[in-house]
Amino acid sequence: MSALSRHSELNALFGFAERSMHSVRRYWVWEVVWLFYSMVSVLSIGFLASGLGTLGAANESFDLHRAQLYLLIGSLLWGFLSLVFMEAAFAIAWERWEGTIEYTFMAPIRRVTHLMGICLFAIGYGLVRTFVVLLVAIAMFKLDFSRADIGAAVAVLAASTVPLVGLAIFTSVLPMVSPQKGEQMSYAVQGFLLLVSGVYYPLSVLPMPLQVAGYASPLTYALDGMRQSLLNGATLVDDLPSIGILLGMGALMIPAGVWVFGWAEKRAKRLGLLKRSG
Amino acid sequence: MSIPAIEIQGVRKAFRRRERESGAPWWKTAPKEKVALHELFLTVEAGGVTGILGPNGSGKSTLIRILATLLTPDAGAAKVFGLDVVADAAQVRRHVNRVSVEASFFKELSPWENMLYASRLYGGGSSGTREQVSEILERLGLPLDTLDQPMKQLSRGQQQKVAIARSFLTAPSLLLMDEPTTGLDPRSKKEVQSMLEMLRAERDVTVLLCTHDLDEAAALCDRVLMMDNGRVLADGTAAELCEAHGGATLEDVFMRLTGKAFAEEEEMAEVAT
């Protein structure tokens with residue numbers, strides 16, 4: 001790729017993020033509502049752990065604080081993941097709804113730039129929103145991270161964004177395949193990941209087939225690595241296996257996602273699915 | 001010899017969908033095929049305005065979408081400045097832009113935000129773009145205080161002007177205009193048509209203008225193709241078509257070629273869609 005076309009692609013990459021930032025600014029009231037919703041979801045999981053204590057779960061072997069942190073990590077990471085999923089699927093569905101998708105697809109840019117632009121904004125936006133919710137959760141539950149290795153947890157989180165981009169690209173394919181129901185389909189994918197990835201419980205409690213599915217989910221390794229670092233103080237070296245798996249999954253999932261999106265785009269162009277009326 | 005702006009060799013496009021026969025059970029559907037273009041052959045030399053005249057459902061928009069790399073033909077080949085729209089799609093996109101019947105924008109964003117987005121996709125940046133956008137919109141007669149208002153607050157005519165300005169911003173060699181004046185009030189329609197005349201006079205661009213406005217085609221186009229049911233029925237200047245088919249107007253020509261009045265055909269196509 002020449003320097004000129006590299007500059008054009010980077011410019012377009014920024015253009016997608018900039019467009020989404022303009023949209024966030026225009027819809028700021030709704031963003032406040034969504035932030036409130038995220039906060040409420042995470043806080044209710046925190047109080048669930050508190051509730052377990054009052055329901056008699058607190059005994060010598062039950063560490064309430066640890067259970068609370070365990071569930072909150074799951075809830076926060078799940079909130080982040082579902083937000084990225086929603087943003088990626090919504091970006092394509094939104095373009096279809098507005099009719100601008102034909103203009104985006106006519107632009108002389110690589111599809112991978114388009115998809116990366118959508119995903120990078122979604123990840124950046126998700127991180128900011130999750131961080132705000134985390135601060136509220138820390139204040140509300142007086143979370144103790146004195147034993148945690150924050151640096152290692154951040155490294156796991158950074159590594160988890162790589163397969164997350166791949167998953168988000170797969171999700172963004174759905175509104176291309178089914179203009180009417182594709183966006184809703186992404187909720188089904190999210191729901192399945194929530195079930196099998198050990199968000200609120202260890203994988204060991206699941207039946208074997210679901211455990212196998214859980215081992216194929218990158219979220220499982222992201223949660224495991226972060227919990228190890230935040231609950232048990234696992235260091236970066238301890239987290240290297242999880243980080244390696246996450247990066248390996250990302251290296252497979254991103255090209256696979258781009259390929260599948262390319263297939264869906266060709267299909268849409270063959271069947272005439274790009275126009276707004278579907 | 002110069003490379004034609006558009007070269008179409010035997011392009012065919014059909015859309016298939018499953019439909020239920022009248023009275024059949026809800027679960028019993030059969031595949032149906034609607035042919036949008038029947039083996040089309042067409043060459044358009046660079047420069048000037050070529051009009052494609054036809055009622056709804058005649059295949060105009062399908063042709064535009066194929067040239068814009070948004071639809072793939074089932075058979076045949078379409079080339080833009082010698083580049084195949086399927087094999088060389090990325091290069092074709094550098095030459096082409098399109099103004100569609102619906103001014104497709106992010107409606108909550110302002111004209112400026114939409115234009116900046118378009119500019120970035122075509123390698124531009126924010127530096128100097130606002131001045132460029134203001135200049136284009138001023139020439140199109142759009143008040144500059146609308147530049148930062150959400151698109152949804154603009155009238156249909158104003159939105160269409162922003163759509164035209166967006167296509168100018170990317171400096172295309174081939175501008176595909178798919179019914180740009182449909183649904184506009186007479187004043188906005190006149191302004192868009194004046195802009196097209198200005199474009200023809202000032203810019204080195206080939207325009208393919210799809211319209212179902214017979215007067216617009218007669219006034220603006222150097223060459224007119226008359227289409228119906230996915231086929232080209234006639235090709236020439238408006239005067240040549242009238243002379244060849246013995247009609248006083250393009251409406252008469254259409255009636256002689258199809259046996260139907262243009263307006264009647266429009267209504268039938270609308271019922272069918």
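These legends walk through several close-up views of a predicted model.

**View 1. A six-stranded sheet in chain B.**
Here 6 strands of chain B make up an open sheet, and following them across gives the order β6-β7-β8-β3-β9-β10. The pairing in this sheet is mixed. At its edges stand β6 and β10 (231–236) of chain B, each with a single partner strand, so one side of each has no neighbour in the sheet. From one strand to the next, the twist averages 20 degrees.

**View 2. Strands β7 and β8 of chain B, paired side by side.**
Take a closer look at β7 (residues 174–178) and β8 (residues 206–211) of chain B: they run parallel and are joined by 5 bridges. A handy pair to find is B:Met177 and B:Leu209, with B:Leu209 in β8(B) standing opposite B:Met177.

**View 3. A helix across the strands.**
Helix α9 of chain B, residues 250–258, lies across β3 (49–53), β9 (223–228) and β10 of chain B. Relative to β9(B), helix α9 of chain B runs at about 40 degrees.

**View 4. A four-stranded antiparallel sheet in chain B.**
Another open sheet of chain B has 4 strands in the order β2-β1-β4-β5, with antiparallel pairing. Its edge strands are β2 (30–44) and β5 (83–84) of chain B; each has a single partner strand, so one side of each is left without a neighbour in the sheet. Strand β4 (residues 75–80) of chain B is joined to β5(B) by 2 bridges, and the two run antiparallel. Within this pairing, look for B:Lys79, which stands opposite B:Asp84 in β5(B).

**View 5. Where chain B meets chain A.**
In this view, 26 residues of chain B are in contact with 27 residues of chain A. On the chain B side, α2 (89–95), β6 (96–99) and α3 (111–121) each supply at least two of the residues that touch chain A. The largest share, 4 residues, comes from α3(B). Sorted by class, this side of chain B has 13 nonpolar, 5 polar and 8 charged residues.

**View 6. The largest nonpolar core.**
In soluble globular proteins, nonpolar side chains tend to be buried together. The largest nonpolar core in this model has 147 residues, and those touching the most other members are A:Cys119, A:Ala168, B:Leu67 and B:Leu208. Helix α3 (residues 64–98) of chain A gives the largest share of this core, 17 residues. For a tour of the surroundings, start at A:Ala168: beyond its neighbours within four places in sequence, A:Ala168 is in contact with A:Val84, A:Phe85, A:Ala88, A:Cys119 and A:Ala122.

Terms used. Residues are numbered from 1 along each chain as its sequence is written. Chains are lettered from A and ligands numbered from 1 in the order in which they are written. This is a predicted model: local features need pLDDT of at least 70, side-chain atom pairs count only at pLDDT 80 or more; totals for chains, interfaces and linings use all residues. Two strands pair if DSSP finds at least two bridges between them. Two residues are in contact if their C-beta atoms, placed from the backbone, lie within 7 Å. Ala, Val, Leu, Ile, Met, Phe, Trp, Tyr, Cys and Pro count as nonpolar, Asp, Glu, Lys and Arg as charged, and the others, Gly among them, as polar. A nonpolar core is a set of buried Ala, Val, Leu, Ile, Met, Phe, Trp, Tyr and Cys residues joined through C-beta atoms within 7 Å. A residue is buried if 20 or more other C-beta atoms lie within 10 Å of its own, exposed if 12 or fewer, and partly exposed in between; C-beta atoms are placed from the backbone. Axes are lines fitted to C-alpha atoms, for helices over the stretch in contact, and angles run from 0 to 180 degrees between N-to-C directions.
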